[in-house]
Amino acid sequence: MDYDLGADAVELRKRLRELISAHIPEGFLGACTDDPRDLATTESFCKLLASDGLLALAWPKEHGGGGGSIWQQTVLREEMWAHHEPRGAQYMGINWVGPALMRYGTAEQKARHLSAIASGEVIWCQGFSEPEAGTDLASLRTRAVPDGDGWRVTGQKVWTSYAQMASWCVLAACTDPNAPKPKRLSLFLVPMDRPGITVRPIRSMLGPHHLNEVFLDGVEVFADEVLGEVGDGWRVMREALAFERVGIARYARCESLLDRMQTELGEDWDRLPESIRARWVRALIDLRVARLLAYRAVSLQHDPSAGAAASAARIATTTCDQQVAELLFDVLGPSALDSGTSARLHGAVEDHWRYAQAATVASGTIEVQRMLVAREALGDHG
Amino acid sequence: MNTALPEDITEFAAVAAKRLARFGGPQAALRAETEEHLRDEARSALADLGAFDLDVRSSGDDLLAAAVLCQAAGAAALPYPLAEELLAIDGARLALVNPEAPRIDHGDLAGEWIAADLDGTRYHVQLSSRTSAKLGPFLVPATLTGPDGTVPAADVDTHLTLGSWRILGALQHALEITRQHVTARMQFGKPLAEFQAVRFTIADASVAVRGLFELAKFTISRTESTAAQVRSADALVLRLKAADTARQVLRTAHQLLGALGFCDESDVSVLDRHTQPLIRLPVSSEMLALRLIPGVRGGQLETLFSEPVAAEPV
């Protein structure tokens, strides 16, 4: 039993911190801001990572990846999220679109898309959620009606992150409404500039680019754009999402924010109310537990006996996200609501609080994670 | 990184659980409240398992074996001060106490005792008799004289850590009892386990216990390799998390077992009553949190971003 990440992972952490320090401006809060320079920063940083084989670190080298160990991948997740995800919108393409293409894509699809993703040249979005189908994706209503050699897709997607900036979409649509639920859906790889696609941004407390509506009006899709088999979309979707089931290393940003705030406060930290400092201690403990649960899930990710290890890790880390958001707001007191570069930590606390509200909703709600943990503990009752 | 317990330790844990179940589990602990000989038999069970041959001070393997033995003892609410005897000094069991209100679990057992507080200050002990309280039925009020030197900080850390493994075992068993109950108990024509509120409550308790287990493994894995100040912070962190988790999980167990969980014929009642001294003593989890506050800025409470803590000058 040991908790050593290995020399290569430790070295990678050092290298990533150097790259971030050299290329990411102070006060950077991710790609999804009102400042277009932030998006440009992520684009150039992704190309820099790609040139070092670090963007698609987990991928095999034959597809343009870095062939990194699971602990190097863990360190990459931690450092990227801790520093406000300077990969920006590339996260989705790298973490599940690419791996899904490797498993289910045709030779032509792999050739067309994988190297483009690995080099950081394209942004993907995920056309899954609909107004009537969120967590219950198998119930989605967007229809793909046969038309010649392909289909015409009509419907509406919602909450689609990065849709405005994406050049490609993995689009889920119902190809056979009369089939049993698991066989109704198919996945299509569709360019976002295809006629019939309209994107409308949704103003939200999360900031720009996070949430969009995508309207599909008779959009033409072709047989060679199907990912996997026709009617097998539900299975592909579930298995593809499992590629990132360990999830975002939210604990790393929380630890980073607490560290930055402590440095910022200096000796004033000692003058915080004792109740706040005790909460700080508990937050650090809960973050350590969340990190260890994540490491456990990573170590079991190829083990069929892993059960709900990843869900347990997600529950722990997403609740920590909100716990730390509240703690930092209470630390700042009356200036907690200040945003922008003139605010404490360049607005990172206010940004974190807003985004933490989505932690238990995005990428599988905490209720779904609880269901999975309960299923392991209690069986399939209910 | 390998986060799994070694195979031989897992096997030893299984053997220990089996032997302590043969001793009688929590129901034997209940009988021990009135039948004195049972605590001697508890010691015999531990001796059968080689407990008193373990050198927890100088062997990492022995410390890990002691940890899983404490875990098994916690699951059985074993009526014997195992950690206290494993850390005996010159044959006298070592108790961690709060000098403001010293109490020693099983302090009435034959043999010498030494008391120490969390700072490592050592005291002579004068013990009175058991109060036979509902919570902590083997607690004995003590009077301290001294101080009389110190005990090694490593002993205090190991004491806190092994006690936390004992809490872990109690919570794992309480959760398992609760799981079995909600699966079997029918209400409104279906098992309790079919109600989503029950399922979510079990899920939250399950995540809490998993988290404590991971923290317990992590803490003990680096006892020998980390700087002394970090090791001390680690031990406080683990004990604080164990106490907080205990409050959540035992509350869950009581709520889901209903009135049955308050009855001594239910192991949950015995586990709860007998584990209370470890959850509350030598100090509350609030006091543990206060002790950890200097470790935030000092870096002893390590994070992904803290600077390494220099070893203390000898």
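How many Å separate the centres of domain 2 of chain B and domain 3 of chain B, taken over C-alpha atoms? I began with this question and noted that the model is a predicted one. The two C-alpha centres are 23 Å apart.

**Entry 1: domains**

I looked up the division of chain B and found domain 1 (7-86), domain 2 (93-145) and domain 3 (153-296). Between domain 2 and domain 3 of chain B, I found 15 residues of domain 2 in contact with 12 residues of domain 3. On the side of domain 2 of chain B that touches domain 3 of chain B, strand 1 (93-96) and strand 2 (103-105) of chain B each supply at least two residues. I recorded the classes on that side of domain 2 as eight nonpolar, three polar and four charged residues.

I then turned to chain A, which is divided into domain 1 (7-88), domain 2 (125-231) and domain 3 (245-378). For domain 2 and domain 3 of chain A, I noted a distance of 32 Å between the C-alpha centres.

**Entry 2: where the chains meet**

I next examined the contact between the chains, in which 40 residues of chain B touch 37 residues of chain A. On the side of chain B that touches chain A, at least two residues come from each of helix 6 (153-184), helix 7 (196-221), helix 8 (228-257) and helix 10 (285-298) of chain B. Helix 7 of chain B contributes the most to this side, with 14 residues. I entered the classes for this side of chain B as 23 nonpolar, eight polar and nine charged.

**Entry 3: a pair of helices**

How many degrees, about, is the angle at which helix 8 of chain A and helix 8 of chain B pack? I found an angle of about 90 degrees, with the axes 11 Å apart. Angles of 65 to 115 degrees count as roughly perpendicular, and helix 8 of chain A and helix 8 of chain B are therefore roughly perpendicular to each other. I listed the residues that meet: Ile285(A), Arg288(A) and Val289(A) from helix 8 of chain A, and Val237(B), Leu240(B) and Lys241(B) from helix 8 of chain B. This contact has four nonpolar, no polar and two charged residues.

**Entry 4: the nonpolar core**

I looked up the largest nonpolar core, which has 221 residues, and noted that Leu69(B) and Ala115(B) touch the most other members. Helix 8 of chain B provides the largest share of this core, 15 residues. Leaving out residues up to four places away in sequence, I found that Ala115(B) touches Ala95(B), Val97(B), Pro102(B), Ile104(B), Tyr123(B), Val125(B), Ala142(B) and Leu144(B).

**Entry 5: helix 2 of chain B**

Which residues of helix 2 (residues 25-32) of chain B are buried? I recorded Pro26(B), Ala28(B), Ala29(B), Leu30(B) and Ala32(B). These buried residues of helix 2 pack against helix 1 (7-23), helix 3 (37-48) and helix 9 (267-280) of chain B.

**Entry 6: Arg166(B)**

I located Arg166(B) in helix 6 of chain B. Is Arg166(B) buried or exposed? A residue is buried if 20 or more other C-beta atoms lie within 10 Å of its own; Arg166(B) has 25 C-beta neighbours inside 10 Å and therefore counts as buried. Apart from neighbours within four places in sequence, Arg166(B) is in contact with Cys70(B), Gln71(B), Ala73(B), Gly74(B), Ala83(B) and Leu278(B). I also looked up the separation of Arg166(B) and His124(B), which are 42 residues apart in sequence and 26 Å apart in space, C-alpha to C-alpha.

Conventions. Residues are numbered from 1 along each chain as its sequence is written. Chains are lettered from A and ligands numbered from 1 in the order in which they are written. This is a predicted model: local features need pLDDT of at least 70, side-chain atom pairs count only at pLDDT 80 or more; totals for chains, interfaces and linings use all residues. Two residues are in contact if their C-beta atoms, placed from the backbone, lie within 7 Å. Helices (H or I, at least four residues) and strands (E, at least two) are DSSP runs, numbered from the N terminus. Ala, Val, Leu, Ile, Met, Phe, Trp, Tyr, Cys and Pro count as nonpolar, Asp, Glu, Lys and Arg as charged, and the others, Gly among them, as polar. Domain bounds come from an automatic or database domain assignment. A nonpolar core is a set of buried Ala, Val, Leu, Ile, Met, Phe, Trp, Tyr and Cys residues joined through C-beta atoms within 7 Å. A residue is buried if 20 or more other C-beta atoms lie within 10 Å of its own, exposed if 12 or fewer, and partly exposed in between; C-beta atoms are placed from the backbone. Axes are lines fitted to C-alpha atoms, for helices over the stretch in contact, and angles run from 0 to 180 degrees between N-to-C directions. Angles under 35 degrees count as roughly parallel, over 145 as roughly antiparallel, 65 to 115 as roughly perpendicular and the rest as oblique.
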